[in-house]
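These are my notebook entries on aromatic contacts, nonpolar cores, a ligand and two loop residues. Each entry records what I looked up and what I found.

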Amino acid sequence: VKETSVVRTDKASKLVRPGRSRGRNAQPVARNARKRRTISQYLIDRLYQLGIRHVFGIPGDYVLGFYDQLCKSRIEVVGTTREDCAGFAADAYARIHGLGAVCVTYCVGGLSVVNSVAGAYAEKSPLVVISGAPGLRERGRNALLHHKVRDFDTQRQVFEKITVANAALEDPLTAFREIDRVVEASVRYKRPVYLELPRDRADVVPLHESPMTPITWRSDAKELSEAIDETSSMLADSKRPVMLIGVEAHRFGLQDLVVQIAEKNHIPMCSTLLGKSVVSESHPLYVGVYEGAMGREAPRKIIEDADCVLMIGTFMTDINLGIYTAQLDPAHCICATSEDLRIRHHHYHDVLLTDFVKELAKRTFGCAKQALPEIEDRRLKAFEPRSDTPVTVKRLFQKVNAILTEEMVVICDVGDALFAGADLTMLRRTEFLAPAYYTSMGFAVPAALGVLCADPRCRPIVLVGDGAFQMTGMELSTIFRRGLAPIVIVLNNKGYSTERFILDGPFNDIGNWAYHKIPELIGGGWGFEVRTETDLVKAVDAALANRDSFSLLNVHLDPYDRSEAMDRLTRRLAQQLGNSSAAGRRRS
Ligand SMILES: Cc1ncc(C[n+]2csc(CCOP(=O)(O)OP(=O)(O)O)c2C)c(N)n1
Ligand SMILES: [Mg+2]
């Protein structure tokens, strides 16, 4: 990069301030610089244009200049307690809002956010990761600058593996195009991207603004029409069609069209676990979450008895397929995702998911109405507490089911929170958030922060195991500082119960924290210790009434209590481990 191609704004802005004497030679440069943007400003403008209003992260000296610019912009910086929490919060923000952003310092921050970004990649959540980096001019040959791991490029190489596009904004001449290319990839592929900004480039004004010409992606018209014809005739010929809706229907905003296809043609709908709540679970055509033999019987039967399964945005992960207990014959399947369209045993390569769904929604296939299985509406059951009765997982989730309203978002962490959570009935769409495929512990509490920044009107109910809470629960501190009011329920079963049922040992024990006392430490929030059903009802009622701060319920559970879903899953996993005798075995 030639220094002649850049102009520094700090110098320039001094020169254009009215009433000050201007250097004779500097004046023309200053006029230009006033109109043009620095690399930081351009990046901030692009993020704002794409709907970003909050950026999560922790600053450091390599990124302070960019933080300063962010603070002067219309985007709010949300400081978190750890970088991985910032990543989880930004991921949840993206799931609600369409795009999220995290901003961290070089390596110590960037490498700490890797796990959250990997989760966002695996579960298709569009996230822009911005990291500061040492300035180009201070990187002398092999300079041992602080935070450097191996090469100056090491962090970018790590992110290359877990993002769909990346760029180091080193050259001012290409920086704007690179920003456009990278952020557009995130929007298009609904996956994370990575931008690295050396600190001596943040305030540089390129001589020319050179944004990228936006690319419009189109399906091949002939392929699209052939795919639609083939799908239509499969659906028209079938007696028992069913739709299996996955996470991408949400990510690409296709929910209304998907429901339209179902309603027009009387096709029953199921969702995958990762796609849970993508359509309202109280819809008359909705049957349940399909998880092979691991899930409930009604969705399993309707999917596996179907003679045509239309899968929209569904990824065939092991969890979605009930640890490979799913019985799906590819000869009956139409499988449309953003990456591929497979109908029976062949593929259409140039058909976009959105075009496919839009075209399908225009057609009617003349499917006959099918008799749907009777679905028990678990929400309608009032919860009658039994005094002096210890809380069990089953009763806890019955209570949670009974309080769900339209404004709530259920956020589940890994463990029984997720497995039992899969059986909750979601009323609206996008109200169930969980790392249901990547299954990283520690997602839920920081995710509540992201959800509330994205939509302050909603009420998150956070279900989190004690193990997962001990990883990232301190993000309640940020939640408290911002005056947010999620209800956090800690399933305190004194350790890693999911693992106890696969293979038990002392490695599954953890400390028994007084979770309900955390408000004392943080300086606010309400804590409740819950042992009996009566305690549970009192605590939940008080938490629902508390709109001013978070509520934290420490719910004591037996370490060997578990939901039906966890029982099915861990038996299966234990079998896979060749350790079937360990399933459910108690340590003496
Ligand atoms: C970050 C991370 N580390 C380790 C694991 C492996 N793991 C899966 S479930 C689990 C135990 C979870 O414990 P807890 O949060 O208390 O939930 P519980 O199983 O008790 O319901 C562990 C350690 C993981 N999924 N994620
Ligand atoms: Mg636990």
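**Entry 1: Tyr560 and its partner.** I began with the burial of Tyr560 in this predicted model. Tyr560 has a relative accessible area of 17%, and because the limit for a buried residue is under 20%, Tyr560 counts as buried. I then looked up Phe501, which is buried as well, with a relative accessible area of 2%. Phe501 and Tyr560 make an edge-to-face aromatic pair, with 6.2 Å from centre to centre and 90° between the planes. I noted where the two residues lie: Phe501 is in the loop between α19 and α20, and Tyr560 is in the loop between β21 (551-556) and α22 (564-576). They are 59 residues apart, and their pair links distant parts of the chain.

**Entry 2: charges over rings.** Which residue places its charged end over the ring of Phe501? I found Arg562 there, 3.7 Å from the ring centre. I recorded a further case at Tyr48, where Arg53 lies over the face of the ring, at 3.6 Å from its centre.

**Entry 3: other aromatic pairs.** I looked up the count of aromatic pairs, which comes to 9. One of them joins Phe469 and Tyr515 edge-to-face, at 5.5 Å centre to centre and with 90° between the planes. Phe469 belongs to helix α17 (residues 466-472) and Tyr515 to the loop between α19 (497-500) and α20 (518-522), so this pair ties together parts that are 46 residues apart in sequence. Both Phe469 and Tyr515 are buried. I also noted that ring pairs link Phe469, Trp513 and Tyr515 into a cluster.

**Entry 4: nonpolar cores.** How many residues make up the largest nonpolar core? I read 84, and the members that touch the most others are Met243, Phe356, Leu463, Ile489 and Leu553. I followed Phe356 further: leaving out residues up to four places away in sequence, Phe356 touches Leu224, Ala227, Ile228, Thr231, Leu310, Ile334, Ala336, Leu341 and Val351. Another core, of 48 residues, lies apart from the largest one and has Phe88, Ala120, Tyr515 and Leu552 among its members. As background I noted that nonpolar side chains in soluble globular proteins tend to be buried together.

**Entry 5: ligand 1.** I looked up the surroundings of ligand 1 and found 17 residues, of which Thr439, Asp466, Gly467, Ala468 and Thr498 come nearest. A backbone N or O atom of Ala468 is 2.9 Å from an oxygen atom of the ligand. Ser497 likewise has a backbone N or O atom 2.9 Å from a ligand oxygen atom. For Met441, a backbone N or O atom lies 3.1 Å from a nitrogen atom of ligand 1.

**Entry 6: Thr105.** Is Thr105 buried or exposed? I found Thr105 buried, with a relative accessible area of 3%. Thr105 sits in the loop between β4 (100-104) and α6 (114-122). Beyond four places in sequence, its contacts include Ile58, Tyr62, Ser131, His147 and Gln155.

**Entry 7: Ala422.** I located Ala422 in the loop between α15 (416-421) and β17 (432-433). Ala422 counts as buried, at 6% relative accessibility. With neighbours within four places in sequence set aside, Ala422 is in contact with Leu273, Lys276, Val289, Glu291 and Phe432. I last checked Ser277: Ala422 and Ser277 are 145 residues apart in sequence, while their C-alpha atoms are 9.7 Å apart in space.

Definitions and conventions
Residues are numbered from 1 along each chain as its sequence is written. Chains are lettered from A and ligands numbered from 1 in the order in which they are written. This is a predicted model: local features need pLDDT of at least 70, side-chain atom pairs count only at pLDDT 80 or more; totals for chains, interfaces and linings use all residues. Side-chain values use heavy atoms; hydrogens and water are left out. Rings of Phe, Tyr and Trp (its six-membered ring) pair if their centres lie within 6.5 Å; planes under 30 degrees apart count as stacked, over 60 as edge-to-face and the rest as tilted. Helices (H or I, at least four residues) and strands (E, at least two) are DSSP runs, numbered from the N terminus. Buried means under 20% relative accessible area, exposed over 50%, partly exposed in between (1.4 Å probe, protein chains only). A charge sits over a ring if NZ of Lys or CZ of Arg is within 6 Å of the ring centre and within 35 degrees of the ring normal. A nonpolar core is a set of buried Ala, Val, Leu, Ile, Met, Phe, Trp, Tyr and Cys residues joined through side-chain atoms within 4.5 Å. Contact means heavy atoms within 4.5 Å. A residue is near a molecule or strand if one of its heavy atoms lies within 4 Å of it. A polar contact is a pair of N or O atoms within 3.5 Å; within protein, one must be able to donate a hydrogen and the other to accept it, and residues adjacent in sequence count only if both atoms are side-chain atoms.
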